[in-house]
Amino acid sequence: MTRILLLDDEAHILKALKRLLRGEDWLVDAFTEAENAIDALQSNTYSVIVSDYKMPVMDGVTFLQFARQRQPDAIRMMLSGHGDRQSMIHAINRAEIYRFLSKPWEDYEIEAALRSAIDLYEIAMENRRLLDQIKRQEDILRRREEELLRLERENPGITRVHRDDDGSIVIDDDG
């Protein structure tokens, strides 16, 4: 199941976001305090992490940097009413955020951004799964090749197969 973490020091913002997302098949964890969100990062796996930019105890960039260290695969997004260029560049460079979302927002923009982030996360996880599968298959092939080489060293010619014109295997002692 897709799990999303929301962090904003304003409870009414979180309520509005949760209300907006309640029709989706996503599990949404919302926090007003960064410490509680950090605890959640340590006990849950998130597809998407959304943080407010300006908060009293810990700013959003610092939180998302911590989130990146804890869950590097999660897609990170910043929510802010302060959209100056320098803060965006700072957030992108430091926390490697995927999107900057503005307050106030249009509902469709938030929904589209989250869907896009979830799709990106799922593609990355599928790519990782496929890469792991390829590595396992390559390892099996390497071990089989090593075994064939070992058999050939111990019994020269054992790995060569002689066939007749119709493809049938020819078994004889003459080679």
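Strand 1 (residues 2-7) and strand 3 (residues 48-52) run parallel and are joined by four bridges; strands here are DSSP runs of E with at least two residues, helices are runs of H or I with at least four, and both are numbered from the N terminus. Within this pairing, I4 has V48 of strand 3 as its bridge partner. The structure is a predicted model, in which local features need pLDDT of at least 70, side-chain atom pairs count only at pLDDT 80 or more, and totals for chains, interfaces and linings use all residues. Residues are numbered from 1 along each chain as its sequence is written, and side-chain values use heavy atoms, with hydrogens and water left out.

Strand 1 also pairs with strand 2, again in the parallel sense, over six bridges (two strands pair if DSSP finds at least two bridges between them). Here R3 stands opposite L27 in strand 2. Five of the six residues of strand 1 are buried, meaning under 20% relative accessible area with a 1.4 Å probe, protein chains only.

Stepping back, the whole sheet comes into view. Its five strands form an open sheet in the order 2-1-3-4-5, with parallel pairing. Strand 2 (26-31) and strand 5 (99-102) are the edge strands, each pairing on one side only.

The helices complete the picture. Helix 2 (residues 34-43) lies across strand 1, strand 2 and strand 3, running at about 160 degrees to strand 1. Helix 3 (residues 60-70) lies across strand 1, strand 3 and strand 4 (75-80), at about 160 degrees to strand 3. Such angles run from 0 to 180 degrees between N-to-C directions, with axes fitted to C-alpha atoms, for helices over the stretch in contact (heavy atoms within 4.5 Å).

Methods: Buried means under 20% relative accessible area, exposed over 50%, partly exposed in between (1.4 Å probe, protein chains only).
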